[in-house]
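User: Hi! I'm new to reading protein models, and I'd like a close look at one part of this one. Could you walk me through it slowly?

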Amino acid sequence: WGNARLGQLGNGTTIGASAPVQVKGITTAVSVHAHDDSTCAVLQDGTAMCWGENPVGELGEGSVFTTGVPGSVVGY
């Protein structure tokens, strides 16, 4: 829940929410790190996915594009 202006909720929209929302494609998260403009989750299989603002590649998925849906972190 919270602000989604940069897709940081991970539900594919830029519409904020006052209650938790389901992140697209993630059902096995064991850990989540939410920052002001981006979010990452570690999954049960040991992989990681991130979404939100990405101007300098901080999401680790190989691009510099902001995204509202999770992308796999390369090499994690």
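In what order do the elements of the protein run from the N terminus on? After that, please zoom in on the disulfide and its surroundings.

Analyst: Sure thing! Keep in mind that this is a predicted model. From the N terminus on, the elements run β-β-β-β. That makes four strands and zero helices.

Before zooming in, here's the overall picture. With 76 residues, a compact globule would have a radius of gyration near 11 Å, and the protein has 11 Å, which agrees. Along the principal axes, the C-alpha atoms fill a box of roughly 35 × 25 × 15 Å. Of the 76 residues, 36% count as buried. The accessible surface comes to about 4,500 Å², and carbon and sulfur atoms account for 56% of that. If you take the contacts between residues at least 6 apart in sequence, 27% of them join residues at least 24 apart.

Now for the disulfide. The count comes to one, and the cysteines it joins are C40 and C50, with 2.0 Å from S to S. The link between C40 and C50 is right-handed, with 110° about the S-S bond. C40 sits in strand β2 (residues 38-43) and C50 in strand β3 (residues 48-52), so the pair ties together parts that are 10 residues apart in sequence. Are the two cysteines buried or exposed? C40 is partly exposed, at 23% relative accessible area, whereas C50 is buried, at 4%. The cut-off helps here: buried means under 20% relative accessible area, so the 23% of C40 puts that cysteine in the partly exposed class.

Let's move along to the neighbours of those cysteines. Right after C40 comes A41, and A41 belongs to the largest nonpolar core, together with V23, I26, L43, M49 and W51. Strands β2 and β3 each supply at least two residues of this core. As a general point, nonpolar side chains tend to be buried together in soluble globular proteins. What does A41 touch, leaving aside its neighbours within four places in sequence? A41 is in contact with I26, A29, S31, V32, T47, A48, M49 and W51.

W51 is a handy residue to follow next. Its name comes up again with Q8, which is found in the segment before β1 (29-34). Leaving aside neighbours within four places in sequence, Q8 is in contact with W51, and also with N3, D36, D37, S38, T39 and G52. Q8 is buried, with a relative accessible area of 7%. A polar atom of the Q8 side chain lies 3.1 Å from the backbone oxygen of D36.

L6 also belongs to the segment before β1. At 17% relative accessible area, L6 is buried. Here's something fun to look up in the 3D view: L6 and W51 are 45 residues apart along the chain, and their C-alpha atoms are separated by 8.9 Å. If you don't count residues up to four places away in sequence, L6 touches D37, G52, E53, T66 and T67.

Past β3, take a look at N54, in the loop between β3 and β4 (67-72). N54 counts as buried, at 0% relative accessibility. The side chain of N54 makes a polar contact with the side chain of E61, at 2.9 Å. Which residues does N54 touch, not counting those up to four places away in sequence? They are L59, E61, S63, V64, F65 and T66. For T66, the C-alpha atom is 4.8 Å from that of N54, with their positions 12 residues apart along the chain.

One last stop is N11, back in the segment before β1. N11 is buried too, with a relative accessible area of 17%. Not counting residues up to four places away in sequence, N11 touches V21, Q22, K24 and G68. The C-alpha atoms of N11 and G62, which are 51 residues apart along the chain, are separated by 20 Å.

To pull the close-up together: the disulfide joins C40 to C50, and these cysteines lie in β2 and β3. Those strands each supply at least two residues of the largest nonpolar core, W51 of that core is in contact with A41, and Q8 in the segment before β1 is in contact with W51.

Key: Residues numbered from 1 in each chain as written. Predicted model: local features only at pLDDT ≥ 70, side-chain atom pairs only at ≥ 80, totals over all residues. Heavy atoms only, no water. Disulfide = S-S within 2.5 Å. Buried < 20%, exposed > 50% of the residue type's maximum accessible area, 1.4 Å probe, protein only. Rg over C-alpha atoms; globule rule 2.2 N^0.38 Å. Contact = heavy atoms within 4.5 Å. Areas by Shrake-Rupley, 256 points an atom, 1.4 Å probe, with all protein chains shown as cover. Core = buried A, V, L, I, M, F, W, Y, C linked by side-chain atoms within 4.5 Å. Polar contact = N/O pair within 3.5 Å; in protein donor to acceptor, adjacent residues only side chain to side chain.
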